[in-house]
Amino acid sequence: MGLKRVVITGLGAITPIGNTVNEYWDALCKGINGAGDITRFDSSKFKTRIACEVKDFDPLQYFDRKEVRKLDLYTQFALVASDEAILDSKITKDNTDFDEVGVVFSSGIGGINSFYEEVASYATGDGTPRYNPFIIPKLLPDLAGGHISIKHGFRGPNFSTVSACASSANAIIEGYNYIKYGILSVAVVGGSEAAVSPPAMGGFESMRAMTTRNDDPMTASRPFDADRDGFLMGEGCGCLILEDLDHAIARGAKIYAEIVGCGLSSDAYHITAPHPDGLGAVLCMERALKSAGLNTTDIDHINTHGTSTPAGDISEALAISKLFGEHVKNMPLNSIKSMTGHLLGGSGAIEAVATVLSLLNSIVPPTINHFNDDPNIDPNLNIVYWNAIKKEMTYAISNAFGFGGHNASIIFKKY
């Protein structure tokens, strides 16, 4: 059996800078920032009191009150974004066998706030357990995909990939492989996160991973800048509909782009720190290129992981310089986390959506909040600062890296 070509036929997004794909893309191109003071809880005693929260999201616009009680916010985001993507793709029972539609949907942390609220209520009560009967389904990271499958009747493989901040990139790769090898016709893939919550914020704060630029949230996320001091927490969801090219053509689907290669690796170095020489990042990008049958000079753009952490940005920049050499001058890079913050397990998905739209529209959105060059970062790197640029592109890479040394790279091709 020959390998299948895999294309993207639907997109969905709910982000700190837009609650639909069109709003999100427009904000990215304009360099709009989603940062602000935390509103989800009283953060006055925290060292980090800012985040990139989703705005103007009322779950009662999408779910009834009984459903809201059953769904953590990360699952609500996932259902809303996947509904947008599925509607965009126009897959229906009339044109698609739902036995051959799978769901690979991820979250790095899952329903951490629901778990926190239930445990806090028990700890401050009289010792009598009065837990929400839905607490376990609310907190499990695989349940977003389960809800998507149940809602739409998709009966293909359904599971979650968990690899910290590479989780949704892994989900995309798994969906791609299931279609490539002929197991599925369609895969609903992506990732969601809702970790603007006391335990998540406190945990990352304690390891000094997050920015503490509370007095100036709009410039707090500074990927590749000399004065970056950590990532800014974000929340939201990205979703892509992947499809067998022949299946998409047969039903007359709109095609956004094609996935032509993927790479995975492990740093095998440290539970939270990236390899200082970028070895794992080099390896996963090399594997993506090999699987796509491409050379380094074929790549026109990289949407970097670019978290705004001191060590992470240097490691990724070094990896790109090592692998691409002189070609880095011709290859614009960006980090949209300067605008969205870091969606943890959801970041790979919203960044994949951005990469697909960059190819489609021949636009590279900017990396905002750059004030000073970092002497430890190769000055030849063509990082797009402050303003979007127009560029005709054929191939683009989206990178995602996670705690535990997980690395993922996906190569998209303009269709």
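Guide: Before we start, a residue counts as buried under 20% relative accessible area, exposed over 50%, and partly exposed in between (1.4 Å probe, protein chains only). This is a predicted model, so local features need pLDDT of at least 70 and side-chain atom pairs count only at pLDDT 80 or more, while totals for chains, interfaces and linings use all residues. Residues are numbered from 1 along each chain as its sequence is written, and side-chain values use heavy atoms, with hydrogens and water left out.

Visitor: Let's take a helix, then. How far apart are the end C-alpha atoms of H3 (residues 73–89)?

Guide: Helices here are DSSP runs of H or I with at least four residues, strands are runs of E with at least two, and both are numbered from the N terminus. The expected span of a helix is 1.5 Å times one less than its number of residues. For the 17 residues of H3 that comes to 24 Å, and the model agrees, with its end C-alpha atoms separated by 24 Å.

Visitor: How many of the 17 residues of H3 are buried?

Guide: Picture H3 as largely enclosed by the rest of the structure. That description rests on its count of buried residues, which is 13.

Visitor: Which residue caps the N-terminal end of H3?

Guide: Look for a polar contact, meaning a pair of N or O atoms within 3.5 Å; within protein, one must be able to donate a hydrogen and the other to accept it, and residues adjacent in sequence count only if both atoms are side-chain atoms. Here the backbone nitrogen of tyrosine 74 has a side-chain oxygen 2.9 Å away. The owner of that oxygen is aspartate 72.

Visitor: What is the charge situation for glutamate 118; which side chain of opposite charge is nearest?

Guide: Lys and Arg count as positive and Asp and Glu as negative, with His and the chain ends not counted. Glutamate 118, in helix H4 (residues 112–123), is buried yet has no salt bridge, a term for a side-chain nitrogen of Lys or Arg within 4 Å of a carboxyl oxygen of Asp or Glu. Its nearest opposite charge is 5.5 Å away, on lysine 138.

Visitor: How many salt bridges are there by that rule, and which residue pairs with lysine 151?

Guide: The total is 14. Lysine 151 sits in helix H6 (residues 143–152) and its partner is in H3, 68 residues away. At 47% relative accessible area, lysine 151 is partly exposed. Its nitrogen comes 2.5 Å from an oxygen of aspartate 83.

Visitor: And which residue does arginine 228 bridge to, with closest N and O atoms 2.8 Å apart?

Guide: Arginine 228 lies in the loop between H8 and E7, its partner in the loop between strand E11 (363–364) and strand E12 (389–390), so the pair ties together parts that are 146 residues apart in sequence. Both partners are buried, and both belong to a network that also takes in Asp313. The partner is aspartate 374.

Visitor: Where does the largest share of the largest nonpolar core come from?

Guide: A nonpolar core is a set of buried Ala, Val, Leu, Ile, Met, Phe, Trp, Tyr and Cys residues joined through side-chain atoms within 4.5 Å. The largest one has 47 residues, and Leu11, Leu240 and Ile259 are among those touching the most other members. Its largest share is seven residues, from helix H13 (residues 347–361).

Visitor: Leucine 357 is in H13. What is its relative accessible area?

Guide: Contact means heavy atoms within 4.5 Å, and beyond four places in sequence leucine 357 has contacts including Leu11, Trp25 and Tyr256. It counts as buried, with a relative accessible area of 5%.

Visitor: Which residue offers its backbone oxygen to the side chain of serine 221?

Guide: Serine 221 is in the loop between helix H8 (198–206) and strand E7 (236–244), and it is buried at 2% relative accessible area. Among the residues it touches are Leu232, Ser308 and Ile368. The backbone oxygen 2.8 Å from a polar atom of its side chain belongs to lysine 337.

Visitor: Now the backbone. What is phi of phenylalanine 224 near?

Guide: Most residues other than glycine have a negative phi. Aspartate 56 has a positive one, near 55°, and is exposed at 76% relative accessibility. Phenylalanine 224 is buried at 3%, and its phi is also positive, near 70°.
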